[in-house]
Amino acid sequence: MHASRTLRSSLMCLGLFFVTPLFGFSQVQAQVAKTGNKPSTLLLGDSATVGEPKDAVPDISLLFAKNLSSADKKQIQDYASAMNESVGYSSNSLEDLMNPAADLYGEGSWTSHVDPFAGRRVSVPNNYTINVKNFTYPLDGVRRVNSKYGYRSRFGRMHYGLDLQLHVGDTVRSCFDGKVRIVDYDRGGYGKYVVVRHPNGLETVYGHMSRQLVKEGDVIRSGDPVGLGGSTGRSTGPHLHLETRFLGIAINPANIIDFGSGIPVRENYVFNSRTYKRSARQSDYVASDHRSSTPAGSTIKVVKVRRGDTLSKIAKKNGVSVSQICKLNGISAKKKLRVGTSLRVSG
């Protein structure tokens, strides 16, 4: 009885926190648009810092969770996730951010190359859906595109990203939640650059910066600063060189984001390997030394482990065998599953 009252009080407090005129959803969104701050910063003050991701409502809910049952805590977490999504704030878990897209990239992909599979033949799924609703425009305000993605006949080489106009010292922000994979300097190319891997499967590259504000291994949220604009490396003037990559393959950023309005073209971008097979990678997508044995042309399906799940239950539900799941994920049939982790069940 006491726990039930505590749960109701918790939900009421959380609801009042967000839906009172003091700070309703529309006001949070207005503040975000006006100041460029994330909801986490608006609601939690300075506690949401680079390397210490905070989920706005779940952190608050912990204040009330001491006397609750597991089911009640789960109800608060579900409610909190819905609230976060309502104000445009990510619900990526710390585990998602510590090991972003690990089930897709596999072991051995955390390299020092922009293309994590450089010099290797990697098996790429024919189609893969990438959720981009967590997107933050990388600069404070929509900027002009100085140079588009595509082949540059004048220079005789491919331009694997697009260039956004900026002033030296402008803040450059991460486009999505993720983990910093590379912070480096390339004198003849990117200059001072940062590569971030994201839970949605993308990696983003930020080049020609005057200063990097993160270090390798930092966990960051969408909109967090990664550096300051500049003109380092092979550059004719201040601009941000932005790339969006999937398994090392450079995707035209304009296919994902409308840079005229600064918002995603659609909530989900569907990668199709046939579109990029010749233009962005000179090898065939076969016979990978990647962690899994994914055949070319397949579609990867990933599921989250829920409470009460076993390998046999997951296998039966998805029409595969336990041995197939074990092979895809490099685990044994006796492995104890942790709630919330990802498992590949096909591809």
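Strand E13 (239–246) gives the most to the lining of the second largest pocket, with four residues. The model is a predicted one, where local features need pLDDT of at least 70, side-chain atom pairs count only at pLDDT 80 or more, and totals for chains, interfaces and linings use all residues. Residues are numbered from 1 along each chain as its sequence is written, and side-chain values use heavy atoms, leaving out hydrogens and water.

That second largest pocket comes to about 580 Å³. Here a pocket is an open set of points on a 1 Å grid over the protein atoms alone, where a 1.4 Å probe fits, with protein on both sides within 12 Å along at least five of seven lines; lining residues have an atom within 4 Å of a point. Of its 25 lining residues, Arg-152, Arg-157, His-159, His-208 and Arg-234 sit closest to the centre. Strands (DSSP runs of E, at least two residues) that give two or more residues to the lining are E2 (145–147), E4 (157–159) and E13. By type, the lining splits into six nonpolar, eleven polar and eight charged residues.

Moving inside, the largest nonpolar core (buried Ala, Val, Leu, Ile, Met, Phe, Trp, Tyr and Cys residues joined through side-chain atoms within 4.5 Å) has 38 residues, and Tyr-206, Phe-246 and Phe-271 touch the most other members. E13 turns up again, as one of the elements that each supply at least two residues of this core. A second, separate core of twelve residues includes Val-303, Ile-314, Val-320 and Leu-343.

As for cysteines, Cys-175 is buried (under 20% relative accessible area, 1.4 Å probe, protein chains only) at 3%, and Cys-326 is buried at 9%.

Terms used: Grid points are joined across faces, edges and corners, and a volume is the space filled by probe spheres set on the points. Ala, Val, Leu, Ile, Met, Phe, Trp, Tyr, Cys and Pro count as nonpolar, Asp, Glu, Lys and Arg as charged, and the others, Gly among them, as polar. Buried means under 20% relative accessible area, exposed over 50%, partly exposed in between (1.4 Å probe, protein chains only).
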